[in-house]
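Work through the exercises below with the model open. Try each task before reading its solution.

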Amino acid sequence: MDVFILLFNGLLTALQPLNFGIMLAGLAVGVIAGALPGISFVNAMAMALPFTYLMSPLTAMVFLGGIYAGGVFGGSISAILINIPGTPASLPSCWDGYPMTKRGEAARALTLAIAASATGGLASALLLTFGAPPFAKLALAFDQPEFFAATFLGLVSIIAIAKAAPWISLVSLFSGIVIGSVGVDPLYGLPRLTFGLPALQNGINFVVVMIGLFALGEVLEMLGQRAHKQGTAGRVKLKLPSFKELWALKGAAARGTGIGCMIGMIPGAGATVGAVIAYGIEKQVSPRGAEFGTGVEAGLVAPESAKNATTGAAMIPLLTLGIPGSAATAIMLAALVLHGVTPGPLLFATQTDMVYTIFASLLLANLCMIGAGVLVARGFASLMKVPPTVLGAFIVVLSVVGAFGVRNNIADVYICLSFGVIGYLMKRYDFPSAPLVLGVILGPLAERYFMTSLANYDNQLTIFFTRPISATILGFAGLFVLWALVPDMKGKLMRLIPRSSKT
Amino acid sequence: MSSPPGSWRPVAAPLAFAIAAAVLTQFITDRPEQAAAMARGIAGPTTWPTVMLYGVLLLALGWAVQRAAMVLRRREQASAVVPEAVAGGARVWLGIVLVLAYGFLLPTLGFALATAIYFVLWLLLGGIRSPLQIGLTTLIGTTVFLYVFVKLALMPLDRGVGPIGEFSVALYRLLGIY
């Protein structure tokens, strides 16, 4: 009962004009920044951090929380409309969202994505509100082997997506992991695969690879098309789907939300892992799983729910333990520390009002995201009337600036451009790029957790199987692989065995 | 361009991956003795990339076998010529050259000048011929990017070298960015 009263009071504070206005501003900034290819919402949060000096700690958190909630969704707008994920977590949204756009169903795809994101985000905010302290205890049980197991599960989810072309997809995935290992080793400090080039000492950042492969690759593809001078006519009218339509997708939304909430709580896992796992599982579960990749609504709804469901869950270890699980929550931690607020168990005891106002504002942000998402999506959809050549010019400049902005290093621009050419060639020769990007994103994480686990546990490889949580997650990964591959293998075996003739 | 049914060209890509992976395993680090000395127990600084490269090698060989089986099936079936993917026309390659030139000339020309030149050339390449459209897009695009990223976001984008650098600073002062 206390929680409801605290939440109600928090809601009243969150609805005060200043706090509500700041939250809306953050939401808008987040959605726009997330939607712009090359500029991520994490950059927006980092740029907004100095502005929070002028705010109270509560208002600062409300502002950054708004950017976070909006930004995680925003990447889906460009993913669905122009096949360029605005954020890494929106990558799965390209797979079924963009085919829907090509079919003339851009409006439907965007509204489903908005509704799914809001659902996942609301559920996650409720989990944060009511489940933070008990789930914090669970988060304490996680150590490096568990982080590795979760990242491994994310890598393994590729198999469900890559069933149609497993060999080439796995080559792509492993190549991405190799690319991710370029640079100085995280544990020993030894440069690997740098070939003596100083530019590669800092490694190859996954954002730079993603911008190059998807944004630049897509723009070059657009240039080669006949209709590169013409935009699409008409206005994309956004209408929220009916309750009946949403209810038909309740399974996908529920599964995505559940996966996102679980994965979001694991520090280091993040929205990308949640979205990919949700897509992989949905592909297995859905009766239309074989059609995923052609514009199936469940294939869009599941990862959308999952990635926004990670937002509130990711704030659980942040607020309860002071452990940021991602770059975004690290920036929020910086904001708290700047304002003299120490996150952890004492925060709930000494600043209860502030904590529950943050919870309430995250709930409001996810509700208001429906409106903000519709407005920004409408604006972006009108960009489709712009000739692709003009749009492409802006995307290239945004990509170059975005790549530069990652580390203020011109070498990242060169790497981005190189991957742009590679991305175009991959598209032309049907070499899958999504597994490669996922390898670049998750590979370094997996390596760090794996090597740190060995260092912490006396080089025992068995530690991943003797720790119960890690063993359970790895068990899930193994079952998932079997679940994904066995039906196909059975089918192939049946075709090989000659049928006995009936006499 | 298309490949004849019995052509082994489809096997070239996986074999290239396999060979590249095999070669790279020998060049993971230029300090192998140091890497060996750093290794504790079963893993060292080169363990992870080595394992992943061997993964690429084995999977590429599997891919090559799959492609070889496909080629053999086509030979048996004597199927029709299969059209091969072609990497774009002249416009795309010019676009690639332009994008690469834009990026590599950024430090020399500076962001403002390089972006303006890039806009003009890209729009011309894309078939836009209206001077008004090209002029407006270039002017508005470059100015907006300068305001948002140099003035607002305070990104240290290159200003160029020598006289071009001085031109960039003068332009920023004119626009009120500096």
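Axes are lines fitted to C-alpha atoms, for helices over the stretch in contact, and angles run from 0 to 180 degrees between N-to-C directions. Helices (H or I, at least four residues) and strands (E, at least two) are DSSP runs, numbered from the N terminus. The model is predicted: local features need pLDDT of at least 70, side-chain atom pairs count only at pLDDT 80 or more, and totals for chains, interfaces and linings use all residues. Residues are numbered from 1 along each chain as its sequence is written, while chains are lettered from A and ligands numbered from 1 in the order in which they are written.

**Exercise 1. Two helices of chain A**

Find how helix 10 of chain A and helix 20 of chain A are oriented to each other.

Step 1. Take the axes. Those of helix 10 and helix 20 of chain A come within 9 Å and cross at roughly 170°.

Step 2. Classify the angle. Angles under 35 degrees count as roughly parallel, over 145 as roughly antiparallel, 65 to 115 as roughly perpendicular and the rest as oblique. Helix 10 and helix 20 of chain A are therefore roughly antiparallel.

Step 3. List the contacts. Two residues are in contact if their C-beta atoms, placed from the backbone, lie within 7 Å. Helix 10 of chain A brings A:F206, A:V209, A:M210 and A:L213, which meet A:V437, A:V440 and A:I441 of helix 20 of chain A.

**Exercise 2. A residue in helix 20**

Decide whether A:L442 is buried or exposed, and name its contacts beyond the neighbours within four places in sequence.

Step 1. Place the residue. A:L442 is found in helix 20 of chain A.

Step 2. Count neighbours. A residue is buried if 20 or more other C-beta atoms lie within 10 Å of its own, exposed if 12 or fewer, and partly exposed in between, with C-beta atoms placed from the backbone. A:L442 has 29 other C-beta atoms within 10 Å, so A:L442 is buried.

Step 3. Look away from the local sequence. With neighbours within four places left aside, A:L442 is in contact with A:T151, A:G154, A:L155 and A:V273. A:F148 is 294 residues from A:L442 in sequence, but their C-alpha atoms are 9.9 Å apart.

**Exercise 3. Positive phi**

Describe the setting of A:N408 and of A:D458.

Step 1. Start with A:N408. Its phi is positive, about 50°, although A:N408 is not a glycine. A:N408 lies in the loop between helix 18 and helix 19 of chain A. A:N408 is exposed, with 10 other C-beta atoms within 10 Å.

Step 2. Turn to A:D458. This residue is not a glycine either, yet has a positive phi of about 55°. The loop between helix 20 and helix 21 (463-466) of chain A holds A:D458. A:D458 counts as exposed, with 9 C-beta neighbours inside 10 Å.

**Exercise 4. A second helix pair**

Find the angle and distance between helix 1 and helix 17 of chain A.

Step 1. Read the geometry. Helix 1 (residues 2-14) and helix 17 (residues 352-382) of chain A pack at about 70°, with axes 7 Å apart. That makes helix 1 of chain A roughly perpendicular to helix 17 of chain A.

Step 2. Pick out residues. Among those of helix 1 of chain A that meet helix 17 of chain A are A:L6, A:L7 and A:G10; the helix 17 side includes A:Y356, A:F359 and A:L364.

**Exercise 5. The two chains**

Describe the fold of each chain, then the side of chain A that touches chain B.

Step 1. Take chain A. Chain A has 22 helices and 2 strands. The radius of gyration (over C-alpha atoms) is set against the globule rule, 2.2 Å times the number of residues to the power 0.38. Chain A has 22 Å, close to the 23 Å that the rule gives for 503 residues, so chain A is as compact as a globular protein of that length. Of its 503 residues, 60% count as buried.

Step 2. Take chain B. Its pattern along the sequence is β-α-α-α-β-α-α-α. Chain B has a radius of gyration of 26 Å, whereas a compact globule of 178 residues would have one near 16 Å. Of the 178 residues of chain B, 31% count as buried.

Step 3. Join them. 51 residues of chain A are in contact with 57 residues of chain B. Elements of chain A that each supply at least two residues to this side include helix 9 (166-180), strand 2 (191-192) and helix 19 (410-428). Helix 18 of chain A gives the most, with 10 residues.
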